[in-house]
Amino acid sequence: MNRSWPEFYRRWRREGLEAGACREAGGSPAPPPERLLQAVWRHQRLLRDRLRTLDGRRLRILHPGFHNVEAGPDFQGAVVQFEGEPARAGDVEVDVAASGWEGHGHHTNPAYGRVILHVVWEPAAAAGPGRPTMALCESLDAPLEELEEWLGSEAARRWPEECRGRCFDALGGMAAEGRRELIRQAARVRFEGKAREVRARARQVGWDAALAETMFRVLGYKHNAWPMQRLAELVGWGAFEGGVAEAMGEPVLGWQARLLGLAGMLPEELSAVPAGSRRYVRRLWDVWWRERSGWLEAILPSACWHRHGQRPANHPHRRLALAAHWLARPGLPGEIEAWFVLGQPAAEAIPALGHLLQAGPDEFWDVRCTLRSRGRGEPQPLLGGARLSGLAVNAILPWLWARADAGRNEALRGRAEALYAAWPKGEDNRVLGLARDRLLGPSSGRELRTAADQQGLLQIVRDFCDRSNAICAGCDFPARLRELESRG
Ligand code: SF4
């Protein structure tokens, strides 16, 4: 380091921190920001052997829980023990002030029903009755200024190593090929499970309708899978023959009107949408008002849709617009089968399926995310690569495998499995991210190369993590790994 230069960077950083939210202009101390309190809790930068609730009970934190960046409590799956009680698992909410509980509406929000501990900055405000509360301000393991500086460090951003699962060392000790095989086998279990589900459904409603339901569920992601399934049950391939728009030669418009109308998403007032969207919404209503009376009992209540925390491109409006393009092609299930039996190598088959499922040009939806958003300059296809991957591994390949299995066609079953194994990685999500951190460590992103690898990890989470808790109580996965290792 060149000593002739003054030490400026450290000073800039300190001054930046001091100008931040932790100090008020008059110099009187303000509470630290919630982001710092969350980091303190996440990394347990606390005098852990001196913790007490505001009502004076000793408190042991057996696991701080997993940081939740979506809606709901800040930490999920924590394990804590209050004096004189057995340990219990639940969620932890971190707020600057105890009044934040009512102030943020947590007391009426069912998502907060599993909160077992409210963590606040100061003990000044009394906790609500029956809700254990702990104050951080007198339990920090370092002065606040030092923690503020730490917050900007790599260490504060890193996944806390103490939160790793008990299986971490055993998995890390396995040869790479053994670990890959383990994940592959788990992926295969998941694949066959999905294929069995679609086959059971096909026995009830037929193959094409079962495909529509699984594809719609995938479009609904985690939160909107059920309303999407309901729409597919109502109008999936074979369930509805088409109406007025089809007779007018505008099948895509007809399906978009029908799906958005059945979803309860068509704005009643044109003034509720931007001027640039009104012509399109009026055309949707031209179709929907003619059909609506026949569907009155089937229209979904708006409350069954989850719209928060989603990327604009994944908004249900846009997903329904894409599904309408599919339904406007009654022969699409047959086209998917034809694509499959063609037997192209994976490198050609994968883009070919994307081409098959991509919507044709759509003047309105190519440049908009919702009925209420303004147009963007750059067109964006209705189906992206990550969603295609989700559709392939969760819906289309299991459906094709189930059909091949029902027909006892070994070759086609093998083909579905080979495509499944080769499909590129899909979208990352919170469950996958947490599983990687807990089970495999930060460098595992490279190891999970395909969508099947991601599916295998998710299956391990379902089979083991979901049956245990944050401290891995009762999980026999580590023992099974050790047993596998001892057998060589
Ligand atoms: S619950 Fe089991 S599988 Fe999950 S992280 Fe803990 S030891 Fe691993």
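Okay, let's start with a definition: the expected span of a helix is 1.5 Å times one less than its number of residues. Keep that in your head, we'll use it in a minute. Also, keep in mind that what's on the screen is a predicted model.

So, first helix: α15, residues 346-357. It has 12 residues, and from its first C-alpha to its last it reaches 16 Å, close to the 16 Å expected at 1.5 Å a residue. Now, which residues of α15 are buried? They are Ala349, Leu353 and Leu357. These three cover an arc of only 55 degrees around the axis, which puts them on the same side of α15. Then look at the face turned away from that buried side: there you'll find the exposed residues Ala347, Glu348 and His355. And what do the buried residues of α15 pack against? Three helices: α14 (332-341), α16 (385-406) and α17 (410-422).

That brings us to α17, so let's do the ruler test again. With 13 residues at 1.5 Å a residue, α17 should span 18 Å, and its end C-alpha atoms are 18 Å apart, which agrees. The buried residues here are Arg415, Ala416, Leu419 and Tyr420. If you look down the axis of α17, those buried residues fall within an arc of 135 degrees, so they line one face of the helix. On the face turned away from the buried side, α17 carries the exposed residues Glu410, Ala411 and Gly414. As for partners, the buried residues of α17 pack against α7 (176-205), α15, α16 and α19. So you can read the α15 and α17 pairing from both ends: α17 is on the list for α15, and α15 is on the list for α17.

Let's step out of α15 into the loop that follows. Ala359 sits in the loop between α15 and α16. Is Ala359 buried or exposed? Partly exposed, because it has 18 other C-beta atoms within 10 Å, and you'd need 20 or more to call a residue buried. Leaving out residues up to four places away in sequence, Ala359 touches Leu322, His325, Leu382 and Leu383. And here's a pair to try with the distance tool: Ala359 and Leu327 are 32 residues apart in sequence, and their C-alpha atoms are 11 Å apart in space.

Compare that with Leu147, which is in helix α4, residues 144-151. Leu147 has 20 other C-beta atoms within 10 Å, so it counts as buried. Its contacts, again not counting residues up to four places away in sequence, are Leu36, Val40, Arg45, Leu140 and Ala142. From Leu147 to Pro478 you go 331 residues along the chain, and the C-alpha atoms of the two are separated by 35 Å.

Pro478 is a handy link, actually, as it's one of the residues around the ligand. Which others are there? Gly165, Arg166, Cys167, Arg438, Leu439, Phe464, Cys465, Ser468, Cys472, Cys475 and Phe477. Two elements give two or more residues to that shell, α18 (430-440) and α20 (477-486). By class, the shell has 8 nonpolar, 2 polar and 2 charged residues.

One of those shell residues has a backbone quirk. Cys472 has a positive phi of about 65 degrees, although it isn't a glycine. You'll find Cys472 in the loop between α19 (451-463) and α20. Cys472 is partly exposed, with 19 other C-beta atoms within 10 Å. There's another quirk like that at Gln44: a positive phi of about 50 degrees, and not a glycine either. Gln44 is in the loop between α2 (34-42) and β1 (59-63), and it's partly exposed, with 16 other C-beta atoms within 10 Å.

Okay, zooming out to finish. The chain has 20 helices and 6 strands. Its C-alpha atoms fill a box of roughly 70 × 65 × 60 Å along the principal axes. Of its 488 residues, 34% count as buried. The domain assignment gives domain 1 (32-147) and domain 2 (206-397), and the C-alpha centres of domain 1 and domain 2 lie 42 Å apart. And one last number: if you take contacts between residues at least 6 apart in sequence, 66% of them join residues at least 24 apart.

That's me done, thanks for listening!

Technical notes. Residues numbered from 1 in each chain as written. Predicted model: local features only at pLDDT ≥ 70, side-chain atom pairs only at ≥ 80, totals over all residues. Near = placed C-beta within 6 Å. Helix = DSSP H or I, 4+ residues; strand = E, 2+ residues; numbered from the N terminus. Nonpolar A, V, L, I, M, F, W, Y, C, P; charged D, E, K, R; others polar. Buried ≥ 20, exposed ≤ 12 C-beta atoms within 10 Å, placed from the backbone. Domains from an automatic or database assignment. Arc of directions from axis to C-beta. Contact = placed C-beta atoms within 7 Å.
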